[in-house]
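Colleague: Could you walk me through a structure and explain the words you use for it? I'd like the reasoning behind each label.

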Amino acid sequence: MITVRQPESIYKASGEIENGAFSGRWHFSFDEYMDYDNMSFGRLRVFNDDTLSPGAVWPLHPHREIEVVTYCAEGEFRHADENGEGGILKKGWVQHTTVGSGMWHSEINNLEDKPMRFIQMWFMPSKPGLKPSVEQREVEQKERTNKLLLLVSYKNPEGLKMYSNADVYSCFLQKGQSVKHSLEKGHGVYLYVVEGGHILLNDHHLPALAAAKITDETELTLNAQNDAELLLVDTLL
């Protein structure tokens, strides 16, 4: 079953933060936003597409017992812990954070003259009390062109290690090209058109900023009617 979430159906958030402002598209219940039809999807608990104004900072805040995957969609993202240490992501780069037993961190637009857009996914880990850690990977567009590139994985060593039973892929799919993805029994897929589009997902059309929840399918075919940047989350349901 494929359920398409059109862009206008995804919750839009905005507000003031340190040194600027943010705007976002929150796919599942988060903070004060509550949507009982979209609380989570398998091991995926949060999927936020946020943009920070130039130089803006999401101030230092605590988390525990989650895993965080951050994908930079535009600009330069900087992550910092309570000691000011972290890493910088450019477009297409990915970072995995095991929050585990607990840590403080902040999200920062590293550029003073350009907005920064990042997609942050929270996953429920397979066991509690994991040791906090941060890893990241540089990804150039050619590496993900016309293929689903594994970024983070539960059991495949080609991706950054994740303890939650889920895999995250990125893809730059050029007009006229297609990719396929097979699903294990008991798994589902959450697909997001980060930019570009339209994508034909089996028999369903997805414009830019649309998403799809996919269950009870064995294989997906994605055809690009225009160049598109995609994120695909394959998760245990």
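Here is a chat about some labels used for this predicted model.

Colleague: Let's start with His96. Why is His96 called buried?

Modeller: Buried means under 20% relative accessible area. His96 has 0% relative accessibility, so it counts as buried. You'll find His96 in strand E9, which covers residues 94-98.

Colleague: What makes the link between the side chains of His96 and Glu67 a polar contact?

Modeller: A polar contact needs a pair of N or O atoms within 3.5 Å, with one able to donate a hydrogen and the other to accept it. The side chains of His96 and Glu67 are joined at 2.8 Å, so that pair falls within the cut-off. A polar atom of the His96 side chain also lies 3.2 Å from the backbone oxygen of Lys161.

Colleague: Which residues is His96 in contact with, leaving aside neighbours within four places in sequence?

Modeller: Among them are Glu67, Val69, Ser133, Glu135, Leu160 and Met162.

Colleague: Now Asn156. Why is Asn156 called partly exposed?

Modeller: That label sits between the 20% and 50% cut-offs. Asn156 comes out at 32% relative accessibility, so partly exposed is the right term. Asn156 is in the loop between strand E13 (149-153) and strand E14 (160-161). A polar atom of its side chain lies 3.0 Å from the backbone nitrogen of Glu158. Asn156 and Asp167 are 11 residues apart along the chain, with 8.6 Å between their C-alpha atoms.

Colleague: On to the sheet of four strands. What makes E16 and E19 edge strands?

Modeller: The order in this open sheet is E16-E21-E18-E19, with antiparallel pairing. Strand E16 (178-182) and strand E19 (204-206) each pair on one side only, and that makes them the edge strands. From one strand to the next, the twist averages 25°.

Colleague: How do you know that E16 pairs with E21?

Modeller: Two strands pair if there are at least two bridges between them. Five bridges join E16 to strand E21 (residues 219-224), so they count as a pair, and they run antiparallel. For example, Ser178 has Asn223 in E21 as its bridge partner.

Colleague: Last one: which residues touch the most other members of the largest nonpolar core?

Modeller: Phe47, Ile119, Met121, Phe123 and Leu151 do, in a core of 26 residues. Elements giving two or more residues to this core include strand E4 (44-52), strand E11 (116-123) and strand E22 (228-236). Another core, of 23 residues, lies apart from it, and Ile2, Leu150, Leu230 and Leu232 are among its members.

Terms used. Residues numbered from 1 in each chain as written. Predicted model: local features only at pLDDT ≥ 70, side-chain atom pairs only at ≥ 80, totals over all residues. Heavy atoms only, no water. Buried < 20%, exposed > 50% of the residue type's maximum accessible area, 1.4 Å probe, protein only. Contact = heavy atoms within 4.5 Å. Axes fitted to C-alpha atoms, helices over the stretch in contact; angles between N-to-C directions. Core = buried A, V, L, I, M, F, W, Y, C linked by side-chain atoms within 4.5 Å.
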